[in-house]
Amino acid sequence: MRKILYMAVASVLLTACGNDKTSSTDLATTGQTESSQEVNQMNETLLGKWQGMIEIPQSPLEIILDLQKTGGNISVPAQGLSEFSFESVQYNDSEIEIKIDLAGSLIKIEGTYEKEQIEGTFTQNGQTFSITLNPYTEASITYEEHTVPVLGGELKVALQVPEQPTGELVIIHAGSGPTNKDGNTIGGGSNNSLKMIAESLAEQGIASIRFDKRGIGENTALIAKEENLTFEMYVQDVTSIVDYAKKDSRFTEVHLLGHSEGALIMAIAAQKGNVDSLISIAGAGRPVDEILMEQLAASLPPNLLLESEKALEQLKAGNKVGKVSSELQSLFRPSVQPYMISWLKYNPQQEIMDVKVPILIIQGKMDIQITEEDAESLKSANSKAQLHYFDHMNHVLKDIQGNREQNIASYSNPTIPLANGLVEKIVKFVK
């Protein structure tokens with residue numbers, strides 16, 4: 001139930017972000033003109049930017065509020081919502097009330113300033129969660145920002161450069177869905193796993209490039225319509241980054257690191273032979289339809305499970321599915337079917353078999369999404385590959401000692417460090 005509550009809020013925010021085309025400037029001239037100007041003995045210390053978490057059970061969601069005398073805006077970094085203007089804001093000494101109309105979904109934020117914090121509530125669609133806000137601290141940019149020419153435009157990438165570089169460069173690819181360059185899923189909170197890898201590698205003298213996938217975050221504009229996206233585009237983007245990196249005299253070696261779905265993407269890209277190694281972390285060892293059916297079997301009634309099986313059979317044969325039940329729209333909606341068709345063509349075992357450069361397969365034994373069986377399947381397909389297990393590492397590369405609930409909670413907890421020994425294993429392999 002906790003997971004459902006979180007998704008109910010997050011999905012509304014995400015949907016509204018994707019559909020609303022009104023700019024912050026436009027919104028500032030609408031509902032703010034009346035009630036937002038009601039300022040009663042306002043505590044001036046409230047003004048400025050504040051950051052904190054919506055305390056959704058198991059999946060806290062970061063928000064940033066910019067409070068102004070007669071207006072303001074909200075940002076939700078994990079969902080790509082940036083500086084969305086308030087409908088209204090009212091102050092009463094140290095108390096504040098904010099209303100936000102997010103594409104028809106009304107959000108209400110109430111809080112009280114005390115002891116240099118704002119404590120209050122966040123309410124949306126009848127659901128209320130606690131929030132605690134602290135003065136905003138601007139995140140320091142520790143990487144170079146580059147743009148790489150790709151199909152349809154330019155891909156923005158983050159180049160993490162060490163103070164004392166050794167010449168190696170690792171290109172990092174995130175997993176499936178709306179996962180950004182830091183390893184955080186839009187709408188699912190932050191764990192910063194890939195950001196931690198990049199920064200940790202830099203401490204060891206190894207540079208890295210990570211990036212929001214096309215259609216996500218900084219690279220949203222590279223996909224105008226969801227139905228235009230194919231699996232091959234992700235592979236082409238990696239190839240373009242490799243070509244770009246090869247022209248940089250600072251790098252003598254280029255290595256590919258893929259997490260989850262990114263492991264398959266990097267395996268295909270590595271077959272071109274112009275990189276020095278492949279690192280596959282939590283990569284599937286079976287075709288995606290097998291994994292999906294395994295996951296769906298645990299949650300769907302027989303009729304929907306049968307419909308899913310037939311849909312996957314059609315998609316794997318290269319055919320679109322016509323009628324899809326409402327309960328399965330999120331998985332088989334028409335706009336995502338072209339991507340599914342392109343993805344289902346690939347068998348991870350076959351792809352890693354065709355990789356000729358050195359391979360390191362890494363798998364966590366606490367991973368509840370990808371199993372040791374997957375890792376063994378990849379290893380059996382390429383006998384020259386190295387395979388290393390981490391006993392307590394889960395899917396987001398964090399050490400877990402407890403139960404499934406704690407495992408899931410780590411997906412949205414950026415304070416948990418990377419699994420012990422993970423970076424050291426990568427560094428040893430690369431060097």
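**Exercise 1. Determine whether Ser410 is buried or exposed, and describe its surroundings.**

Step 1. Ser410 has a relative accessibility of 1% and therefore counts as buried; buried means under 20% relative accessible area, exposed over 50%, and partly exposed in between, with a 1.4 Å probe and protein chains only. The model is a predicted one, in which local features need pLDDT of at least 70 and side-chain atom pairs count only at pLDDT 80 or more, while totals for chains, interfaces and linings use all residues. Residues are numbered from 1 along each chain as its sequence is written, and side-chain values use heavy atoms, with hydrogens and water left out.

Step 2. Place the residue. Ser410 is in the loop between helix 12 (404–409) and helix 13 (422–430). Helices (H or I, at least four residues) and strands (E, at least two) are DSSP runs numbered from the N terminus.

Step 3. List the contacts, meaning heavy atoms within 4.5 Å. Leaving out residues up to four places away in sequence, Ser410 touches Asn191, Asn394, Val396, Ile400 and Ile416. Asn394 is 16 residues from Ser410 in sequence, and the C-alpha atoms are 8.9 Å apart.

Step 4. Check the side chain. A polar atom of the Ser410 side chain lies 2.5 Å from the backbone oxygen of Asn407.

**Exercise 2. Find which residues of helix 13 are buried and where they sit around the axis.**

Step 1. Leu422, Val423, Ile426, Val427, Phe429 and Val430 are the buried residues of helix 13.

Step 2. These residues cover an arc of only 165° around the axis, which puts them on the same side of helix 13. The arc is taken over the directions from the helix axis to the C-beta atoms. An α-helix has 3.6 residues a turn, so residues three or four places apart point the same way.

Step 3. Glu424 and Lys428, on the other side of helix 13, are exposed.

Step 4. The cover over the buried residues of helix 13 includes strand 13, helix 3, strand 15, strand 16, strand 17 (359–364) and strand 18 (386–390).

**Exercise 3. Establish how many residues are buried in helix 3 and in helix 5.**

Step 1. In helix 3 (residues 193–203), 8 of the 11 residues are buried, so this helix is largely enclosed by the rest of the structure. Among them are Leu194, Met196 and Ile197.

Step 2. Strand 12 (153–160), strand 13, strand 14 (207–210), strand 15 and helix 13 are included in what covers the buried residues of helix 3. Gly205, which follows helix 3, has a positive phi near 90°.

Step 3. In helix 5 (residues 261–270), 10 of the 10 residues are buried, so helix 5 is largely enclosed by the rest of the structure. Its cover includes helix 4 (231–246), strand 15 (253–259), strand 16 (277–281) and helix 9 (337–343).

**Exercise 4. Identify the residues with the most contacts inside the largest nonpolar core.**

Step 1. Apply the definition: a nonpolar core is a set of buried Ala, Val, Leu, Ile, Met, Phe, Trp, Tyr and Cys residues joined through side-chain atoms within 4.5 Å.

Step 2. The largest core has 60 residues, and Leu169, Ile171, Phe231, Leu256 and Leu278 have the most contacts inside it. Helix 4 gives the most to this core, with 8 residues.

Step 3. Take Leu256 as an example. Beyond four places in sequence, the residues that Leu256 touches include Ile171, Val238, Val242, Met266 and Leu278.

Step 4. A second, separate core has 28 residues, including Met42, Leu102, Phe129 and Leu133.

**Exercise 5. Describe the side-chain pattern of strand 8 and its pairing with strand 7 and strand 9.**

Step 1. Along strand 8 (residues 105–114), Ser105, Ile107, Ile109, Gly111 and Tyr113 point to one face and are buried. Leu106, Lys108, Glu110, Thr112 and Glu114 point to the other face and are not buried. In a regular strand the side chains alternate between the two faces of the sheet.

Step 2. Strand 7 (residues 95–102) pairs with strand 8 in the antiparallel sense over 8 bridges; two strands pair if DSSP finds at least two bridges between them. Ile98 has Ile109 as its bridge partner. The two strands form a hairpin with 2 residues between them, and Ala103 in the turn has a positive phi of about 55°.

Step 3. Strand 8 also pairs with strand 9 (residues 117–124), in the antiparallel sense and over 8 bridges. Here Thr123 is the bridge partner of Lys108. This hairpin has 2 residues between the strands, and Lys115 takes a positive phi near 55°.

How values were computed
A polar contact is a pair of N or O atoms within 3.5 Å; within protein, one must be able to donate a hydrogen and the other to accept it, and residues adjacent in sequence count only if both atoms are side-chain atoms.
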